[in-house]
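Please prepare a short briefing on the structure shown here, covering its nonpolar cores, one helix and one loop residue.

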Amino acid sequence: MSHLFSPASIGQVSLKNRIIVPPMCQYSAENGMPTAWHKAHYMNLALSGASLVIVEASAVVPEGRITYKDLGLWNEEQMTAMQQMLSDIRQYSDARLGVQIAHAGRKASTDLPWLGGNSIQSTQPNGWQTVAPSALAFGNNAIPHALTIEEISQLKQQFIEAAIRAEKAGFDVIEIHAAHGYILHEFLSPVSNLRQDEYGGCFKNRTRLLINIFHEMREAISPNVAIGVRISATDWLESGWSVPESIELTELLEDLGCDYIHVSSGGLSTEQQIPLSPNYQVPLAQAIHENTMMPVIAVGLITEPLQAEAIVATHQADFVAIGRGILFEPRWPWRAASELNEQIDVAPQYLRSAPHQFKHLFK
């Protein structure tokens, strides 16, 4: 058996292969609610053959959305709609389903990407006041409000309450978004966090909010539900958050019972210098993988089956996340199975679709 198609687990959640669909925002919600687009989109991805599909960043509060069209989990109505979407998907797919809970911080209140994605001022339609650890803007965005100690405590509770809703909705996996320059990453990085209190300055203080959120979330959520964290392993800035700090953070999370770490990078500053190329983030995942017993997910310009197979086979990471590549080719796992001489489970409605040269592809 190939390494990519070998079974594995994240916490107590069993996965039939090492292919994961990461969270990818669709900017198509209405008042934080999933629409017909989401129902069709996630059904399609759940039928792809990937073992785990993680639903896009879902905001813990309205002002935590990147755009006014983001999903949310800040109320019971959204939870019920998510629950129904998962129920519909599970009629036809055995893929495990996760959700990423998030707060965009100073990168919130922007327009839709296909409309330019520019910052929307709080005085304009579809805009609101953004918040952050410090009153430092992201690029040309509006200056955010620096959170008070009381507001930070409220933010922590909002993450925990969103996670409880995610469990009630029936998600198998909950991912805390602490990457890409959003609010938890903003607290982690000395570039965006200039606080002089217990949430700023030294490593322990800058990681305090994420650690506290995870600790309390893990206590509030059933052990049957896996909880992981997505991080940016580096800011790609000399003075920013670094790989050694990511390793230290990972060790702290592992001690608290974290079920996996999802390794991305960047997103904090417009000054970042990212060396884009195939596998460009895999060495970051490998550095963390070598220092933890937790499952590690690698992501970023992983596009070919043999490329993904090599990442798992050489122990650079335990899982690979196929993002934009699976949007472009929603049956990517089928192609991977054919190239790696594997069989793959498909919905019975698709059994007749195997090409003649791959007539034994489907189980």
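The notes below take up the cores, then the helix, then the loop residue.

This is a predicted model, in which local features need pLDDT of at least 70 and side-chain atom pairs count only at pLDDT 80 or more, while totals for chains, interfaces and linings use all residues. Residues are numbered from 1 along each chain as its sequence is written, and side-chain values use heavy atoms, with hydrogens and water left out.

**Nonpolar cores**
- The largest nonpolar core (buried Ala, Val, Leu, Ile, Met, Phe, Trp, Tyr and Cys residues joined through side-chain atoms within 4.5 Å) has 90 residues, of which Leu-4, Ile-176, Met-217 and Val-229 touch the most other members.
- Helix H3 (residues 149-169) supplies the largest share of this core, seven residues.
- Apart from it lies another core of 14 residues, including Ile-20, Leu-52, Ala-226 and Tyr-260.

**Helix H3**
- Helices are DSSP runs of H or I with at least four residues, and strands are runs of E with at least two, numbered from the N terminus.
- H3 has 21 residues and reaches 31 Å from its first C-alpha to its last, close to the 30 Å expected at 1.5 Å a residue, the expected span being 1.5 Å times one less than the number of residues.
- Just after H3, Gly-170 takes a positive phi of about 105 degrees.

**Loop residue Asn-141**
- Asn-141 lies in the loop between strand E7 (131-132) and strand E8 (145-146).
- Asn-141 counts as buried because its relative accessibility is 16%, where buried means under 20% relative accessible area, exposed over 50% and partly exposed in between (1.4 Å probe, protein chains only).
- Leaving aside neighbours within four places in sequence, Asn-141 is in contact (heavy atoms within 4.5 Å) with Arg-106, Lys-107, Thr-110 and Ser-119.
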